Amino acid sequence: MTVAGTSSDAFDSEVTVRRTRYVSDETGWAVVETCDDAGDEVILVGPLSHLEQRERAHVLGTWVDDSRYGPQVKVTQATPLPPIDEQSVTFYLKRVKHVGAKRAAKLIERHGAPGALEAVDADPRSAFAAAGLSGNAIREAVDSWERLRVTRKLHLLLAPHGLAYLVTRIHESYGDSAHRTVGERPYELTSVFGVGFLTADRIARGLGCPPDDPERARAAALHALAEAERSGSTCMPLDALLAALAELLGTPGAGTPASEAFIDALVQSGDLVRAGQWIYRKQTAELEAELAQRVAELVRQPPNDRLREPPADAAPAGDEQPTAEQFAGVRNALTRRLSLITGGPGTGKTASIRTIAAVAAGQGARVLLVAPTGRAAIRMSEASGVRAKTVHSALGWIPGEGPTHDEQDPLAADLLIVDETSMANLELLVTLLRAVGS
């Protein structure tokens, strides 16, 4: 049976989740099939990816009549409720490692359905021992319970703001301290992928953080600079940063610290770096300074002794001989520690790279071609006739662990050719230069 409602009907009820029909992992938007206490079907749509099968939730929303799918509740808030009936408590307990249906039944028999979860929360080791676990199984069950408890608390914190779909990402970033981070330092969440300033601000304001909280302004400043970096700039002029702060924080006044004095305070605390009117995030300023230092060192160093000046007829067989400008680029690549080839479309950059790689290989040098992206690496391979790799692949960069090749274990190459460097971000370039041998 489907419960119908008009577009003006408000919905405020407790429901039990039957199943999720559709969910977007990126946005958390979902279509969820539930039933109310009378057993009638209620279809929910909205930020509901945090709801799980058989879970109860208090839902606020509005009935809408979809032209294709019929009556639905457009949800504004869905707050998970602690399971209280035997079936729901059993289902929840069975998610704990080593706790199956029989041990869940023992816990419920001992403490009652409403009290079983509270008993485990109070003393998980004793509760699981009484249910029949022992040794390592108890330790693993306790660890499993702690993870569930953290995500449960995160649900309760985030669900009222329609942000429970972020639970997994936040838990992966902060582990068992995730709920404390959200509750006590919500603006730290801007470092989590998918949680920008506006989302963190929404959480913080919902938790009662005042609009003039200095942490709010600090997070806004770091967010504005991070957005500039994503657009290709390593820093922002002071006046542009203050304008971005005013837009993020609202109208100046009421303690909103969109001022030069506030920026200087962040510089003093080590969050930002100031160079005249240019403002950097500290990590970005350090990377830019390191890049400049490494480039300067390469310019001063002598070339690889396995590379020699190319002959005037350096082009590979079948290619046209390079122009004077192209030949100068080829010569510089083989006689200098660092050289750049630049120019617009049709100026011969690809032909120069092909010549450089062919001449160096002919001299017995080890040549490595890399590009920032897989597509650029494929184009480079096709154009040069030499297999190219992505920078990450060449460095042996393992997600979450960092690169295999660095200053202690440099790349095994006499000549490194990097194509499409304008596509590489600051961190990638610095990491690559760290792995260039002396």
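## A quick tour of the fold

Setting aside neighbours within four places in sequence, His-223 is in contact with Gly-196, Phe-197 and Leu-248. Keep in mind that this is a predicted model. Besides that histidine, here's a look at one set of paired strands, a short helix, the aromatic pairs and the cysteines.

**His-223**
- You'll find His-223 in helix 9, which covers residues 214-230.
- His-223 has a relative accessible area of 18%, so it counts as buried, the cut-off being under 20%.

**Strand 9 and its partners**
- Strand 9 runs over residues 367-371, and 4 of its 5 residues are buried, so call it mostly covered.
- Strand 11 (residues 415-418) pairs with strand 9 in the parallel sense, using 4 bridges.
- Within that pairing, Val-367 has Leu-415 of strand 11 as its bridge partner.
- Strand 10 (residues 388-390) also pairs with strand 9 in the parallel sense, over 3 bridges.
- Here Ala-388 of strand 10 stands opposite Leu-369.
- Put helix 15 (residues 374-384) together with strand 9 and strand 10 and you get a right-handed β-α-β unit.

**Helix 6**
- Helix 6 takes in residues 167-174, and its buried residues include Val-167, Arg-169, Ile-170, His-171 and Tyr-174.
- Gly-175 comes just after helix 6 and takes a positive phi of about 65 degrees.

**Aromatic pairs**
- Across the whole structure, a search turns up 5 aromatic pairs.
- One of them joins Phe-11 and Trp-63 edge-to-face, at 5.8 Å centre to centre with 85 degrees between the planes.
- Phe-11 sits in strand 1 (residues 10-23) and Trp-63 in strand 4 (residues 56-66), so this pair ties together parts that are 52 residues apart in sequence.
- Both Phe-11 and Trp-63 are buried.
- Tyr-92 and Trp-145 make another edge-to-face pair, with 5.9 Å centre to centre and 85 degrees between the planes.
- Since Tyr-92 belongs to helix 1 (residues 86-93) and Trp-145 to helix 5 (residues 136-158), that pair ties together parts 53 residues apart in sequence.
- Tyr-92 is buried, as is Trp-145.
- Phe-128 joins in too: ring pairs link Tyr-92, Phe-128 and Trp-145 into a cluster.

**Cysteines**
- If you're after disulfides, a search of the whole structure finds 0.
- Cys-35 counts as buried at 14% relative accessibility.
- Cys-209 counts as buried too, at 18% relative accessibility.

Notes:
Residues numbered from 1 in each chain as written. Predicted model: local features only at pLDDT ≥ 70, side-chain atom pairs only at ≥ 80, totals over all residues. Heavy atoms only, no water. Buried < 20%, exposed > 50% of the residue type's maximum accessible area, 1.4 Å probe, protein only. Helix = DSSP H or I, 4+ residues; strand = E, 2+ residues; numbered from the N terminus. Pairing = 2+ DSSP bridges. Right-handed = clockwise from strand over helix to strand, strands pointing away. Contact = heavy atoms within 4.5 Å. Disulfide = S-S within 2.5 Å. Phe/Tyr/Trp six-rings, centres within 6.5 Å; stacked < 30°, edge-to-face > 60°.
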